[in-house]
Amino acid sequence: MNTVYPTPCVPSPQRWTSRLAVVTLHSFSGDTLRLYYEPQPTAPARTDGLDIAPLFEVLPGLRRHRCDNGQHRSFFDEARHTETAHLFEHVLIELLAASGQPRSQIQGATNLDEAPRRYRVKVSGWESVAQAEDCIEKALHLLESREL
Ligand SMILES: [Zn+2]
């Protein structure tokens, strides 16, 4: 006997909410994670004026990051004047590297979405969606505990 569902069974999207942002999983395919990062209305969308130094003390590997900013600025300088979504991307990358993934296999990008105050964040180099979900949670906690 066939079981008939009254409505199509659609899994609810994976979502994390912190004081700073709402992060929604868009997709995970191959080794690539795609998500949306939306700063909370009460949280800044940019890092200008925020003290990011404590974050770099907790994750010193961030100093090794390089960004294609066209001006040969260090990532520390870049991180002081960028979108919080972009900083979140780099924290994710650093947590992934800290879990043992070779840095050469990790790539990321952050772009403004069509929706206002919504960013598309893409990070490649994951071994599993569970690993990615774990790092998303850790990254949000880290940023929140550093008041970013
Ligand atoms: Zn970057």
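Which exposed residues does the face of H4 turned away from its buried side carry? In this predicted model, that face holds Ala130, His141 and Ser145. The buried set of H4, for its part, is made up of Ala132, Cys135, Ile136, Ala139, Leu140 and Leu143. Looking down the helix axis, these buried residues fit within an arc of 135°, so they line one face of H4.

As for its length, H4 runs over residues 129-145, and its 17 residues should span 24 Å at 1.5 Å a residue; the end C-alpha atoms turn out to be 24 Å apart, so expectation and model agree.

What sits over the buried residues of H4? The cover includes three strands, S1 (15-17), S2 (21-29) and S3 (32-39), along with helix H3 (84-98). On the H3 side, the contacts come from Phe88, Val91, Leu92, Leu95 and Leu96, which meet Cys135, Ile136, Lys138, Ala139, Leu142 and Leu143 in H4. The two helices pack at an angle of about 125°, and their axes lie 9 Å apart. An angle over 115 but not over 145 degrees counts as oblique, and H3 and H4 are therefore oblique to each other. Their crossing is right-handed.

H3 itself has 15 residues and reaches 21 Å from first C-alpha to last, close to the 21 Å expected at 1.5 Å a residue. Of those 15 residues, 13 are buried, so H3 is largely enclosed by the rest of the structure. Just after H3 comes Gly100, which takes a positive phi of about 110°.

Technical notes. Residues are numbered from 1 along each chain as its sequence is written. This is a predicted model: local features need pLDDT of at least 70, side-chain atom pairs count only at pLDDT 80 or more; totals for chains, interfaces and linings use all residues. Helices (H or I, at least four residues) and strands (E, at least two) are DSSP runs, numbered from the N terminus. The expected span of a helix is 1.5 Å times one less than its number of residues. A residue is buried if 20 or more other C-beta atoms lie within 10 Å of its own, exposed if 12 or fewer, and partly exposed in between; C-beta atoms are placed from the backbone. The arc is that of the directions from the helix axis to the C-beta atoms. Two residues are in contact if their C-beta atoms, placed from the backbone, lie within 7 Å. Axes are lines fitted to C-alpha atoms, for helices over the stretch in contact, and angles run from 0 to 180 degrees between N-to-C directions. Angles under 35 degrees count as roughly parallel, over 145 as roughly antiparallel, 65 to 115 as roughly perpendicular and the rest as oblique. A crossing is left-handed if the near helix is turned anticlockwise from the far one by less than a right angle, and right-handed if clockwise.
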